[in-house]
Amino acid sequence: VATFDKILVANRGEIACRVMKTCKKMGIQTVAVHSDVDSSAVHVKMADEAVCVGPAPTSKSYLNMDAIMEAIRSTGAQAVHPGYGFLSENKKFAKRLAAEGVTFIGPDTHAIHAMGDKIESKLIAKAAKVNTIPGFDGVVKTAEDAVTIAQSIGYPVMIKASAGGGGKGMRIAWNDEETRDGFRFSSQEAASSFGDDRLLIEKYIDNPRHIEIQVLADKHGNALWLNERECSIQRRNQKVVEEAPSTFLDPVTRKAMGEQAVQLAKAVKYSSAGTVEFLVDSSKNFYFLEMNTRLQVEHPITECITGVDLVEQMIRVAKGYQLQHKQEEIPINGWAIESRVYAEDPYKSFGLPSIGRLSQYQEPLNLRNVRVDSGIQEGSDISIYYDPMISKLVTYGATRAEALALMEDALDNYVIRGVTHNIPLLREIITHPRFISGDISTSFLPEVYPDGFKGHQLDRGRCRELLASAAALYVTSELRAHRVLGPQRVACSTVESSSWELCVELGKELHNVSVTKLGNTFTVSHFFKVRVLTKLGAQLNSYMPEKVPEDTTSILRSPMPGTVIAVSVKAGDTVAEGQEICVIEAMKMQNSLTAVKPAKVKSVHCKPGETVGEGDLLVELE
């Protein structure tokens, strides 16, 4: 069927590429927008046309409505797909498009406004007979208001941005002091991410599951629910691993959640694809959390189990067509799992952003039933300006066990060099007995790794295998280096060794290894850094001066690359233990750095607005 001749995709990275793939399948021309640093990005190359909309900061490019409107005019695009994030839930943008006769591929401005405001959406949900969480239904004005409201609801409470999403502008508070801090940070993050610092407070349901329902509606009053997605594995309120369906829901609960999601969609005359998020407690009581009026990051797992291309349906609905499916035609075929691969250091708070260039990059697409949604390639830069996601790795099987086994293989075959990435953490999650049994909640990561993620712990047998493999590879490399290539000018014979005495360093331990050559086929895991030295090298290494660990109680360094938002102290100030020293913003998340002991400030080496790198000195204490 005919839809649009040309669509502008107002986004970047993997989601821009994802939308363009469906457009190409439908015979629709595409226009990319990009910042100056993204001029050679994959989504720019994939599009039929591309327009630069400003410099690197998102506020000057991907959120720059004037420049994007001009790009629409100059290219003659008839419709805009906003992806997720950026302008996808911005009613002002949708109104500006409508005023110029350009189709917004998403719901109308009424639904965006109603569901984008968490306060209004909760009232609408209540009226539509959707289960809601106890809380305060108004805007919280000040930190002291927040404390009063929190006390009346009862701790713990969740403080969150009314216009929020993606974990930005959210804090959990267990007492009055945390409520005051949470109010300040959440309002600052909300203003930075959404240009709207309004907050609301509600009861925090401890240890819940986060399960969401995909809905699809047209402009003719038809609406469907396309089953659920289990999104409980999270860090800092952002999802890490998702799956569809959920191991927890029975058909009765699934139907009840689906029907309530459709009731809500119809209450706001919703059209397009959308997601209704619920918190589900251990007794299968479910509560409305929010509705995302856009395509969700984790939509591929729903596409896998239903066979429905959600982007195609969004485009059809935007053009005015009725839905192609009836509720009874929506199946659950098999099982799909998605791992979000991030350029993050998983050993720091389960993932602090890492920046750099992808010197080597190879997706595991040689495996069957593997889908990789990415917007980068070998040589791409991961910068501080945008989300650190590398890709969404999706595996699909007839059963959950099959999808999990495939995910393990896919993670093992994924090659990423040049940036620190979270594949070690993803692999640990999907092979953990609690995850395999389906015993999960949004507290999974802090419960399983209370002291933080330390990497895979080897047993003695696996340790021996790794040492042997490393030593064997070292010997193979040495033998290869001894070979003479090309014609030899001087007749000589090489004597090849058949045994070696080596020293392998694994972690901080040295292991003596004897190697005898018995063939040339070796395998080795790439999740561990090992260093192989000759025995002489190991002896000489013992004379090398040892780096004395820095006194981290007196020196505050930046734990990640980012921007200094605030400096709360000056030289000569006295600080108490736990007192805030400065705030660093990285990838739109604000991180408060505090004093670990009472001390006097010796010197301050940063100021607000400065860009800092990982390990940069910020403040010295006496």
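**Legends to the views of the predicted model**

**Figure 1. Overall dimensions of the protein chain in the predicted model.** For 622 residues, a compact globule would be expected to show a radius of gyration near 25 Å, and the 27 Å of the protein chain agrees with this expectation. Taken along the principal axes, the box filled by the C-alpha atoms is roughly 85 × 65 × 55 Å. The secondary structure consists of 17 helices and 33 strands.

**Figure 2. Burial, contacts and surface of the protein chain.** Of the 622 residues, 52% are buried. Among contacts with a separation of 6 or more, 66% join residues that lie 24 or more positions apart. The exposed area of the protein chain is about 27,700 Å², and 51% of this area is supplied by carbon and sulfur atoms. The chain carries 70 positive and 77 negative charges, and the mean positions of these two sets are 2 Å apart.

**Figure 3. Surroundings of Cys231 and Cys606.** A search of the whole structure returns zero disulfides. What keeps Cys231 from forming a bond with Cys304? The sulfur of Cys304 is the closest cysteine sulfur to that of Cys231, yet the two are 14 Å apart, which is too far for a bond. Cys231 counts as buried because its relative accessibility is 0%, the cut-off for burial being under 20%. For Cys606, the closest cysteine sulfur belongs to Cys582. The distance between these sulfur atoms is 4.9 Å, too far for a bond, since a disulfide requires a pair within 2.5 Å. Cys606 is also buried, with a relative accessible area of 8%.

**Figure 4. Helix 7 and the residue that follows it.** Helix 7 spans residues 143-153. Which of its residues are buried? They are Ala146, Val147, Ile149 and Ala150. In an α-helix there are 3.6 residues a turn, so residues three or four places apart point the same way. After helix 7 comes Gly154, which has a positive phi, near 100 degrees.

**Figure 5. Ser74 in helix 3.** Ser74 is placed in helix 3, which comprises residues 65-75. Is Ser74 buried or exposed? With a relative accessibility of 53%, Ser74 counts as exposed, because the cut-off for that class is over 50%. Along the chain, Ser74 and Val51 are 23 residues apart, and their C-alpha atoms are separated by 9.1 Å.

Notes: Residues numbered from 1 in each chain as written. Predicted model: local features only at pLDDT ≥ 70, side-chain atom pairs only at ≥ 80, totals over all residues. Heavy atoms only, no water. Helix = DSSP H or I, 4+ residues; strand = E, 2+ residues; numbered from the N terminus. Rg over C-alpha atoms; globule rule 2.2 N^0.38 Å. Buried < 20%, exposed > 50% of the residue type's maximum accessible area, 1.4 Å probe, protein only. Contact = heavy atoms within 4.5 Å. Areas by Shrake-Rupley, 256 points an atom, 1.4 Å probe, with all protein chains shown as cover. Lys, Arg positive; Asp, Glu negative; His and termini not counted. Charge placed at Lys NZ, Arg CZ, Asp CG, Glu CD.
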